[in-house]
Amino acid sequence: AVDSKVGEVLLYYCYCEVKDPEKLCAWQKALCQHLRLTGKVRVASEGINGTVGGSKVATSLYIEVMLSQPLFKDILCQEDFKSSAGGAHCFPDLRVGVFREIVPMGIDPKIVSYKETGIHLSPQEFHREVEQYLSQASQGQSDTILLDCRNFYESKIGHFQGCLAPDIRKFSYFPSYIDENLELFKDKRVLMYCTGGIRCERGSAYLRSKAVCREVYQLKGGIHKYLEEFPDGFYRGKLFVFDDRYAICSNEDIISACRYCGTLWDQYKLCSSQHCRQLVLTCPSCRNKGLTACCPVCQEKELKVNSKASGQTLKEECECTRRRPRVPIEHVSQRMLDTGK
């Protein structure tokens, strides 16, 4: 039934021209409520982007309705929905809204359009490309950059071997990252990837608009689709997801460590300091010692819980964000070639 506990989480997007985003938004909200789905759906004049959770009956009905909706009919197909084990409990609620962009890159879709995207590669094609890249890079002669378009906390717990993973906190910093590091991409072939493919649609279009790369490719369906076909391929570690699960896994690798003691650990929890929204990797034994914050500043803050300041504190204000440059400048040397990383 629609309420059954065994469920899944769907991830999908569709770029298309939406004449009346408000109307689509209302329809989408009613549909999700009717099927008792929770999650987040962004609607804009450039399309729709969603991740929803519910029973398997509900999610398959949802896909069916989405595929028959005239707006998406000839663009969206069954293949475009990535699914993983989960359910309505993976999200606190249902949020459907109208936005300027369906993925927040912070650049007007009229200026950099999804229509100018890179060349899409299937998981098999991407796998072959990465294989070739790794073997060339190991001989120190690669003209390719394998670029992770996600945020640092996503790539920290899982990434493709030999990738360049920008130390950025939000996708809206990605364009500045490209601008600041243009030299790096000059005359290169770039292989881009992200979770489900949507960030690459705009990210690749932005990179192409700079006209410095030789070629720009992107992984169709993202890491999600790649792992369905290559659970033990070149992607190591967990796949970060934006819901209460934080990560899903396809192999047993743990590539990240506890922030406090350095033991292998890759399960995120929110920083325990009330105003901080950072995610922290702290292993069970450190948690038991009360080390539950993302940095010493927050650990202190939590000890002196200051209720007066409630609502006043900026959510990014803590030692770890102050120390991190918003947009890192890459110093390309051995690091880029150290493909075993």
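Contact here means heavy atoms within 4.5 Å, and that is the sense in which a helix is said below to lie across a strand. The model on screen is a predicted one, and the tour starts at a helix that touches a whole sheet.

**Stop 1: helix 3 and the parallel sheet**

Select helix 3, residues 123-138, and display the strands beneath it: helix 3 lies across strand 6, strand 7, strand 9 and strand 10 (215-219), and runs at about 130° to strand 9. These strands belong to an open sheet of 4 strands with parallel pairing, whose order is 6-10-9-7. At its edges are strand 6 (119-121) and strand 7 (144-148), each of which pairs on one side only, while the twist from one strand to the next averages 25°.

For a closer view of the pairing, select strand 7 together with strand 9 (residues 189-193), which are joined in the parallel sense by 5 bridges; within this pair, L146 has L191 of strand 9 as its bridge partner. Then add helix 7 (residues 198-209), which lies across strand 6, strand 9 and strand 10 and runs at about 175° to strand 10.

**Stop 2: from helix 3 to helix 8**

Keep helix 3 selected and add helix 8, residues 222-229. The two helix axes come within 9 Å and cross at roughly 90°, which means that helix 3 is roughly perpendicular to helix 8. To see the contact itself, show the side chains of P123, Q124 and H127 in helix 3, which meet K225, Y226 and E229 in helix 8. By character, the residues of this contact divide into 2 nonpolar, 2 polar and 2 charged.

**Stop 3: helix 8 and the antiparallel sheet**

Follow helix 8 onward, where it lies across strand 8, strand 11 and strand 12 and runs at about 130° to strand 11. The sheet reached in this way is open, has 3 strands in the order 8-11-12 and is paired in the antiparallel sense. Its edge strands are strand 8 (158-160) and strand 12 (247-249), each pairing on one side only, and neighbouring strands of the sheet are turned by 40° against each other on average, with direction ignored. Zoom in on strand 8 and strand 11 (residues 235-240), whose antiparallel pairing extends over 3 bridges, and pick out F160, which has Y235 of strand 11 as its bridge partner.

**Stop 4: strand 3 and its partners**

Move now to strand 3 (residues 47-55), which is mostly covered, with 9 of its 9 residues buried. Strand 1 (residues 7-15) runs antiparallel to strand 3 and is joined to it by 9 bridges; here E8 stands opposite G54. Strand 2 (residues 38-44) also pairs with strand 3 in the antiparallel sense, over 7 bridges, and R42 stands opposite N49 in that pairing. Trace the chain from strand 2 to strand 3 as well, since the two are joined by a hairpin through 2 residues.

**Stop 5: the cysteines**

Finally, select the cysteine sulfurs: how many disulfides does the structure hold? There are 0. The sulfur of C25 is 9.9 Å from the closest cysteine sulfur, that of C32, and is therefore too far away for a bond; C25 is also buried, with a relative accessible area of 10%. C298 likewise is in no disulfide, and the nearest cysteine sulfur, in C294, is 3.9 Å away, whereas a disulfide would need the sulfur atoms within 2.5 Å. At 0% relative accessibility, C298 counts as buried.

Terms used
Residues are numbered from 1 along each chain as its sequence is written. This is a predicted model: local features need pLDDT of at least 70, side-chain atom pairs count only at pLDDT 80 or more; totals for chains, interfaces and linings use all residues. Side-chain values use heavy atoms; hydrogens and water are left out. Two strands pair if DSSP finds at least two bridges between them. Axes are lines fitted to C-alpha atoms, for helices over the stretch in contact, and angles run from 0 to 180 degrees between N-to-C directions. Buried means under 20% relative accessible area, exposed over 50%, partly exposed in between (1.4 Å probe, protein chains only). Angles under 35 degrees count as roughly parallel, over 145 as roughly antiparallel, 65 to 115 as roughly perpendicular and the rest as oblique. Ala, Val, Leu, Ile, Met, Phe, Trp, Tyr, Cys and Pro count as nonpolar, Asp, Glu, Lys and Arg as charged, and the others, Gly among them, as polar.
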